[in-house]
Amino acid sequence: MNIKAQNMLINEFSISESVIEISKAVEKDIREIIDNINTNAEYNQLKVIKAMQDNNLSDTHFAGTTGYGYDDRGREVLDSVYASVFKAEDALVRHQIVSGTHALALCLFGNLRPGDQLLSITGKPYDTLEEVIGIRGEGGGSLKEFGITYRQLELTNDNSIDYNALPDVITDKTKMVMIQRSRGYCWRPSIKIVDIEKAINIIKNINKDVIVMVDNCYGEFVEDREPTEAGADIVAGSLIKNPGGGLAPTGGYIAGKSLYVKKAAERLTTPGVGKKVGSSLGNNRLMFQGLFMAPHVVGESLKGAVFCAALMKMLGFETSPFTEEKRSDIIQAVKFGNPDSLIAFCQGIQKGSAVDSFVTPEPWDMPGYDSPVIMAAGAFIQGSSIELSADAPIKEPYIAYMQGGLVYEHVKLGVLIAIQNMMDRGIINL
Ligand SMILES: *Cc1c(COP(=O)(O)O)cnc(C)c1O
């Protein structure tokens, strides 16, 4: 950082010189990792641009439709561009998909039928999917209510997929296998594409007709391949995470084999109508432009995560992933060991935001959680977690999950303020 930025951090953002000195040392240490992130972002950027060129993207595709949205060329090209980027046969990208959970639920309800079994091979699925599957809640409208059974294979003690157990758990009833790429909000590593590929090879050898679905939330563009390039039949994610690039105002996507995407689309709209309707209103341009920005933005958030991991380590905190660890999602977990540090950190992240910097988040009893949760987010788009945010359940061992950041400089500022906040409260000494 130059002297002007340094002075501004000290004078306008009240960061101590000792914090600045440490952060300079950290930035020096992580140079090579940052280089690798830039290199990967460049490759993914080329992939996205080539997909747009191959599909003759033009500004006429940015015009919106209303009503049924018949012949919405922009919508069709958006699907094709996503299919190209994911090296998939087809895709469904819609602002009518309200969230990542919705996109995943469409894949499940669209492709599973009574008597089928869904098998998760990465342990417990993401919280919001528990009610979709029917593991938790009253079961109203869940897969369970429709007679679709569920089984789960835990990860091994070293947090890898239990490859050896796959032949035992995949039976005649198994219609779909689900893999969650991201750690979600768990203290476990993300599942790398090579590991997803290894599992898919084993599964397809047992039964080539089993549908492999990957929950790709938080994973897009972190590596140089997507799960569909490693044999996954269908993947889904949220547009207010990685692939929306911070610009898509809402939405979700599904990419994969034509038949499976079609069935998901028929669940989103209706049988017979499928992908052929759905007015884009004015959303196409931001969805294209967000995808265009996504590889770079994911790179920015990854650089911020690495900076955070390295700095927290220097201060004596354990992080997951650790600084040099290979990543397959954008989440950075930090273990604080006590509630005061955790709360001070999250409140500091909020203080560094461009939006709502003046509010102080407090832990609250959120519905669906068994302990109070603190959520720091100052986002341009509500709930967007490709923008810098940090959440933490207030329970042992007091872990904060930080993710996102549209620009590295903002993540850096947020982390510096968070550390300053901890210092001001006497939690750490520098
Ligand atoms: C965020 C997330 C989801 C759900 O997405 P929402 O948009 O919050 O509904 C599902 N799985 C994983 C791994 C996620 O990170």
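Colleague: Which side chain has an N or O atom 2.6 Å from a nitrogen atom of the ligand?

Modeller: That is Asp215. Please keep in mind that this is a predicted model. A polar contact calls for a pair of N or O atoms within 3.5 Å, and the 2.6 Å between Asp215 and the ligand nitrogen meets that limit. The protein also covers 89% of the 380 Å² of accessible area that the ligand has on its own.

Colleague: What makes Ser99 and Thr101 polar contacts of the ligand as well?

Modeller: Each has a polar side-chain atom close enough to a ligand oxygen to pass the 3.5 Å cut-off. For Thr101 the distance is 2.5 Å, and for Ser99 it is 3.4 Å.

Colleague: Which residues are around the ligand?

Modeller: To join the list, a residue needs a heavy atom within 4 Å of the ligand. The residues that do so are Ser99, Gly100, Thr101, Leu104, Tyr126, Gln180, Asp215, Cys217, Tyr218, Ser238 and Lys241. By class, four of them are nonpolar, five polar and two charged. Helix α5, residues 100–111, gives the most to this shell, with three residues.

Colleague: How many disulfides does a search of the whole structure find?

Modeller: Zero. A disulfide is a covalent bond between the sulfur atoms of two cysteines, and here the pair of sulfurs would have to lie within 2.5 Å. Take Cys107: the closest cysteine sulfur is that of Cys217, and at 10 Å the two are too far apart for a bond. Cys308 is in no disulfide either, with the nearest cysteine sulfur, that of Cys346, 10 Å away.

Colleague: Why is Cys107 called buried?

Modeller: Because buried means under 20% relative accessible area, and Cys107 has 0%. Cys308 is also at 0%, so it counts as buried too.

Colleague: How do you know whether Leu143 is buried or exposed?

Modeller: Set its relative accessibility of 1% against the 20% limit, and Leu143 counts as buried. Leu143 is found in the loop between α6 (127–133) and β3 (149–152). Leaving aside its neighbours within four places in sequence, Leu143 is in contact with Leu108, Phe109, Leu112, Leu118, Val132, Ile133 and Ile148. Its C-alpha is 8.8 Å from that of Glu131, and the two residues are 12 apart in sequence.

Colleague: What makes phi of Asn159 stand out?

Modeller: Most residues other than glycine have a negative phi. Asn159 is not a glycine, yet its phi is positive, about 60°. Phe221 is a further case of a positive phi in a residue other than glycine, with a value near 70°.

Colleague: Where do Asn159 and Phe221 lie, and why are they called buried, exposed or partly exposed?

Modeller: Asn159 lies in the loop between β3 and α7 (166–169). Its relative accessible area of 29% falls between the 20% and 50% limits, so Asn159 is partly exposed. Phe221 lies in the loop between β5 (211–215) and β6 (234–238). At 2% relative accessibility, Phe221 is under 20% and therefore buried.

Colleague: What is the peptide bond from Ser320 to Pro321, cis or trans, and how do you know?

Modeller: The bond is cis, with omega near 0°. Most peptide bonds are trans. Pro321 is found in the loop between β8 (318–320) and β9 (332–335). The bond from Glu396 to Pro397 is cis as well, with omega near -5°, and Pro397 lies in the loop between β11 (389–393) and β12 (399–403).

Colleague: Which backbone oxygen does the side chain of His410 reach?

Modeller: That of Gly352, at 3.4 Å, which is within the 3.5 Å allowed for a polar contact. His410 has its place in helix α12, residues 408–424. Not counting residues up to four places away in sequence, His410 touches Gly352, Ser353, Ala354 and Leu388.

Colleague: And which backbone nitrogen does the side chain of Thr65 reach?

Modeller: The side chain of Thr65 reaches that of Ser280, at 3.2 Å, again within the 3.5 Å cut-off. Thr65 has its place in the loop between α3 (31–54) and α4 (73–85). Beyond residues up to four places away in sequence, Thr65 touches Asp72, Ser279, Ser280 and Leu281.

Key: Residues are numbered from 1 along each chain as its sequence is written. This is a predicted model: local features need pLDDT of at least 70, side-chain atom pairs count only at pLDDT 80 or more; totals for chains, interfaces and linings use all residues. Side-chain values use heavy atoms; hydrogens and water are left out. A polar contact is a pair of N or O atoms within 3.5 Å; within protein, one must be able to donate a hydrogen and the other to accept it, and residues adjacent in sequence count only if both atoms are side-chain atoms. Accessible areas come from the Shrake-Rupley method with a 1.4 Å probe; for residues, only the protein chains shown count as cover. Helices (H or I, at least four residues) and strands (E, at least two) are DSSP runs, numbered from the N terminus. Ala, Val, Leu, Ile, Met, Phe, Trp, Tyr, Cys and Pro count as nonpolar, Asp, Glu, Lys and Arg as charged, and the others, Gly among them, as polar. Buried means under 20% relative accessible area, exposed over 50%, partly exposed in between (1.4 Å probe, protein chains only). Contact means heavy atoms within 4.5 Å.
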